[in-house]
Amino acid sequence: MDLVSKALRAGEGRKFKAYQKRADAINRFEPEMEALSDAEIREEADGLRERARNGESLDDLLPEAFALTREASRRSTGQRHYDVQLIGGMVLHDGAIAEMRTGEGKTLTATLPVFLNTLAGGSVHLVTVNDYLARRDAEWMKPIYDALGVSVASVQDADDHATRQRKYACDVTYGTNSEFGFDYLRDNMASALEHCVQRDHKFAIVDEVDNILIDEARTPLIISGQAEESADLYFTFARLVPKLQPRPEGAEEGGDYFIDLKDRAVSPTEDGIDKMEGFLGVENLYDADPRLARHFDSALKAHALYKRDRDYIVEDGEIVIVDEFTGRKMPGRRWSEGLHQAVEAKEGMRVQRESRTLATITFQNYFRLYDKLAGMTGTAMTEAEEFHKIYTLEVVAIPTHRPMIRDDYPDLVYKNEASKFNALIEEIEEMTTAGRPVLVGTVSVEKSEVLSTLLKRRGIQHETLNAKFHEKEAGVVAQAGRTGAVTIATNMAGRGTDIKLGGDAAGFASEILHKRGLNPAEVDAETYAAALEEAKAIVDVDHEAVVAAGGLHIIGTERHESRRIDNQLRG
């Protein structure tokens with residue numbers, strides 16, 4: 001089989017031979033599993049549970065459990081795990097990171113180790129990057145779990161305490177990193193054991209593991225109570241700080257403050273401190289009222305480092321933080337140490353009271369609580385050393401099921417931004433004329449809106465995805481493969497959603513029903529099936545046209561700080 005020779009070239013020959021051997025053992029069980037009735041599949045799953053409870057190791061049960069899961073999947077979803085997915089499942093079961101290219105079926109791969117690890121009776125947590133994906137993946141994989149007698153649920157932001165308890169009691173719980181982390185903190189503050197929602201921390205599989213365990217690793221989850229604090233000082237400094245002048249770019253001295261972009265820090269100069277003391281009428285800013293220096297520091301950061309529509313957006317009278325890595329909104333999150341209040345004052349909004357920390361943990365420390373941790377992503381090799389050092393997690397690159405046919409082109413460098421955007425729009429026009437769908441990646445909300453304005457001027461129909469519209473991102477991304485579709489996305493918007501060439505039939509069926517004045521959620525099964533059939537016929541024709549035109553064309557407008565995020569856009 002070509003699988004092993006590919007792996008040998010990657011320098012992982014011995015390991016892959018062992019995995020391939022086990023994959024062959026799983027394949028030998030396939031005829032036996034195909035002969036079982038649906039009821040017998042359930043009996044077989046119960047039999048494996050009994051053997052696990054009697055002390056048989058999960059490694060010994062792996063070939064049968066994987067073969068059974070594959071058969072349950074083939075019957076309930078029409079998807080049969082490929083050998084590379086079996087290997088990905090083994091890597092996850094071994095508590096390592098499976099690097100699988102985008103579109104190789106990570107969601108389906110996870111069902112293999114999930115079922116195997118539920119046999120011992122502990123709970124399995126599957127961690128995703130947003131509520132939508134947690135809900136979608138749990139619903140999508142539910143028929144497989146149902147066939148095997150495994151209970152599954154997804155924890156959502158709006159769930160109350162009783163609902164959370166019920167969902168965590170399931171064998172498999174899908175949810176976001178934030179939900180799992182905050183539930184852990186609340187459990188630690190509970191007054192009695194029966195008030196806790198989480199059962200244990202046996203095994204977690206983290207989807208998009210590089211995003212959660214590297215990008216957001218140091219993000220602290222904080223449960224806080226309110227502390228008394230006057231808003232007046234925030235407004236005073238928000239009014240005074242803009243009067244200070246920044247040090248000219250490239251100058252070694254001068255100005256009232258200087259910015260260190262590399263460390264994302266800002267510091268006042270002696271002149272700046274003298275000016276501020278003059279404005280406030282105090283002799284020594286750092287000796288008068290201890291609050292003054294802290295408020296000055298927060299106001300200076302808010303003014304010089306935190307920009308509207310890049311680091312945050314204003315929505316419904318509130319400051320909503322934008323995640324610098326994913327470009328998504330993070331409602332409910334607040335910067336600490338008075339920074340959030342300083343930004344509120346800068347934007348002339350009501351300053352909310354500062355808070356006192358009651359419980360806190362970082363994602364890095366939370367995920368190290370698990371007895372066994374595994375992850376999957378399309379781009380982990382660039383961070384392999386960091387994963388090993390921090391989490392002792394090994395990264396294993398899984399070969400693709402079919403040869404890679406994507407063309408990667410070198411970077412083009414332009415004299416200035418205007419000429420870059422002109423060339424970009426000409427390229428988009430050229431591609432759409434040829435009937436190819438185009439996906440354009442930007443690094444900030446601001447840049448995506450500039451590009452959107454330029455496309456509107458040229459009369460080019462497009463969709464813009466950024467932190468302001470992230471509710472609709474999955475639906476838009478799913479249709480980004482239609483003929484001539486143009487989609488602008490901040491680097492990571494829509495991550496975790498497949499782009500199908502020709503479009504997504506289910507989303508198209510909903511569109512057809514909406515045009516007829518019908519609600520897809522309320523129509524009967526027959527009406528929906530007819531709309532889906534109609535949508536599939538259109539999508540199939542469009543699929544052929546897009547493939548003939550050359551497939552999806554992806555353009556990165558600029559390099560991200562992390563090479564891995566550029567690779568994710570390609571993927």
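**Questions at the bench about a predicted model**

Colleague: Let's start with Asp46: is this residue buried, partly exposed or exposed?

Modeller: Happy to, and please keep in mind that this is a predicted model. The relative accessibility of Asp46 is 34%. Buried would need under 20% and exposed over 50%, so Asp46 counts as partly exposed.

Colleague: Which side chain meets Asp46 in a salt bridge?

Modeller: Look within helix α3, residues 38-53, where the two partners lie four residues apart, about one turn of the helix. In general, residues three or four places apart in an α-helix point the same way, because there are 3.6 residues a turn. The N to O distance is 3.8 Å, and the limit for a salt bridge is 4 Å. The partner, itself partly exposed at 37% relative accessibility, is Arg42.

Colleague: Arg310 and Asp311 form a salt bridge too. Which of the two is buried?

Modeller: Their closest N and O atoms are 2.9 Å apart. Arg310 has a relative accessible area of 32%, so this residue is partly exposed. With a relative accessible area of 9%, the buried one is Asp311.

Colleague: What about Glu30: which residue of helix α4 does this side chain link to?

Modeller: The pair joins distant parts of the chain, 40 residues apart, with Glu30 in helix α2 (residues 13-34) and the partner in helix α4. The closest N and O atoms are 3.4 Å apart, and both residues are buried. Arg80 and Asp83 belong to the network of salt bridges that includes this pair. The partner of Glu30 is Arg70.

Colleague: While we are on α4, where does this helix bend?

Modeller: Helix α4 spans residues 58-77 and is mostly covered, with 14 of its 20 residues buried. Gly78, with a positive phi near 80°, follows the helix. The bend is about 35°, and its place is Glu64.

Colleague: How many residues does α4 give to the largest nonpolar core?

Modeller: That core has 52 residues, and those touching the most other members are Leu68, Met90, Phe115, Leu119, Leu148 and Tyr174. Leaving aside neighbours within four places in sequence, Met90 contacts residues including Tyr19, Ile26, Leu62 and Phe66. Helix α4 gives the most to the core, and its share is eight residues.

Colleague: Now the sheet: which are its edge strands?

Modeller: The open sheet has seven strands with parallel pairing, in the order β3-β4-β2-β5-β13-β1-β14. An edge strand pairs on one side only. Reading the two ends of that order gives β3 (152-154) and β14 (395-397).

Colleague: In β4, which residue is the bridge partner of Ala153?

Modeller: Three bridges join β3 to β4 (residues 172-176), and the two strands run parallel. Helix α9 (residues 177-189) packs on the sheet, touching β2 and β4, and its direction makes about 105° with that of β4. The bridge partner of Ala153 is Thr173.

Colleague: One last one: why is helix α14 described as largely enclosed by the rest of the structure?

Modeller: The helix covers residues 339-346, and the residues buried there include Leu339, His340 and Val343. The buried residues pack against α11, α13, β9 and β10. Helix α14 is largely enclosed because the number of its eight residues that are buried is seven.

Key. Residues are numbered from 1 along each chain as its sequence is written. This is a predicted model: local features need pLDDT of at least 70, side-chain atom pairs count only at pLDDT 80 or more; totals for chains, interfaces and linings use all residues. Side-chain values use heavy atoms; hydrogens and water are left out. Two strands pair if DSSP finds at least two bridges between them. Contact means heavy atoms within 4.5 Å. Axes are lines fitted to C-alpha atoms, for helices over the stretch in contact, and angles run from 0 to 180 degrees between N-to-C directions. Buried means under 20% relative accessible area, exposed over 50%, partly exposed in between (1.4 Å probe, protein chains only). A nonpolar core is a set of buried Ala, Val, Leu, Ile, Met, Phe, Trp, Tyr and Cys residues joined through side-chain atoms within 4.5 Å. The bend at a residue is the angle between axes fitted to the seven residues ending there and the seven starting there.
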